[in-house]
Amino acid sequence: MVTEAPPPPSTGGHDPAAGPVQPTTEAFVAVQESAEFGELRRTYRSFAFPLTVAFIAWYLLYVLLSNYAGGFMGTKLFGNINVALVLGLGQFATTFLIAWLYSRHAADRLDPKAEAIKNRMEADA
């Protein structure tokens, strides 16, 4: 199909339909070395590392109690519910609690910082 319409205005050699321009390697390295990115990493690590260590310790405690404290783990709390079952279900509850806490932490503290870095990189590209 032939048209008499003029070509679209120049966009600096970039086709907007192709999506955003990918920043250069140097731009990524500069952002990685920036104080703002360092703060984003510290914010992430200050949340993730302590919770990871705490959960692994809690899990290992459960495993060790299951292996070496059978009498304690077999203690009936009520009906056929014993300590082992309650602690085992506590593992699932803890997993979901940590996931929920992380999603809140990420939405409140990590995502805004990451979005600011991303927008700045896309604007500079």
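Good morning. I shall begin with one residue, Y44, which is partly exposed, with a relative accessible area of 36%. Before following that residue further, I should state that the structure before you is a predicted model.

Let us place Y44 in the chain as a whole. The protein chain contains four helices and two strands. Read from the N terminus, the order of these elements is α-α-α-β-β-α. Y44 belongs to helix α2, which covers residues 35-68.

Which residue pairs with Y44 through its ring? The partner is Y102: the two ring centres are 6.3 Å apart and the planes meet at 85 degrees, so this pair is edge-to-face. An angle over 60 degrees is what places a pair in that class. Y102 sits in helix α4, so the pair ties together parts of the chain that are 58 residues apart in sequence. Like Y44, Y102 counts as partly exposed, in its case at 34% relative accessibility.

Y102 has a further aromatic partner, F47. Here the ring centres are 5.9 Å apart and the planes stand at 45 degrees, so the pair is tilted. This pair also links distant parts of the chain, since F47 is in helix α2 and Y102 in helix α4, 55 residues apart. Is F47 buried or exposed? At 18% relative accessibility, F47 counts as buried, because the limit for that class is under 20%. A search of the whole structure finds two aromatic pairs, and Y44, F47 and Y102 form one aromatic cluster.

I turn next to Q91, another residue of helix α4, which spans residues 83-124. Q91 has a relative accessibility of 8% and therefore counts as buried. What does Q91 touch, if we set aside residues up to four places away in sequence? The residues in contact with Q91 are F55, W58, Y59 and Y62.

One of these, Y59, brings us to the surface. Together with I56, L60, L64 and Y68, Y59 makes a nonpolar surface patch of about 570 Å². L60, a member of this patch, is located in helix α2. With a relative accessible area of 44%, L60 is partly exposed.

Now to the interior. In soluble globular proteins, nonpolar side chains tend to be buried together. In this model, the largest nonpolar core consists of six residues, namely V31, L40, A106, L110, I117 and M121. Which element gives the most to this core? Helix α4 does, with four residues. A106, a member of that core, touches D111 and P112, again leaving out residues up to four places away in sequence. Another core lies apart from this one; it has five residues, including L65, A69, M73 and V83.

Finally, some values for the whole chain. The protein chain has 125 residues, of which 16% count as buried. Its accessible surface is about 9500 Å², and carbon and sulfur atoms account for 66% of that area. If we consider contacts between residues at least 6 apart in sequence, 59% of them join residues at least 24 apart. The pairs Y44 with Y102 and F47 with Y102 serve as illustrations of links between separate parts of the chain.

To close, I would ask you to find helix α4 in the structure once more. Q91 and Y102 both lie in this helix, and helix α4 also gives four residues to the largest nonpolar core. Thank you for your attention.

Note on methods. Residues are numbered from 1 along each chain as its sequence is written. This is a predicted model: local features need pLDDT of at least 70, side-chain atom pairs count only at pLDDT 80 or more; totals for chains, interfaces and linings use all residues. Side-chain values use heavy atoms; hydrogens and water are left out. Buried means under 20% relative accessible area, exposed over 50%, partly exposed in between (1.4 Å probe, protein chains only). Contact means heavy atoms within 4.5 Å. Accessible areas come from the Shrake-Rupley method with a 1.4 Å probe; for residues, only the protein chains shown count as cover. Rings of Phe, Tyr and Trp (its six-membered ring) pair if their centres lie within 6.5 Å; planes under 30 degrees apart count as stacked, over 60 as edge-to-face and the rest as tilted. Patches are made of residues with over 30% relative accessible area and no salt bridge: like charges are joined within 9 Å, nonpolar side chains (Val, Leu, Ile, Met, Phe, Trp, Tyr) within 5 Å. A salt bridge is a side-chain nitrogen of Lys or Arg within 4 Å of a carboxyl oxygen of Asp or Glu. A nonpolar core is a set of buried Ala, Val, Leu, Ile, Met, Phe, Trp, Tyr and Cys residues joined through side-chain atoms within 4.5 Å.
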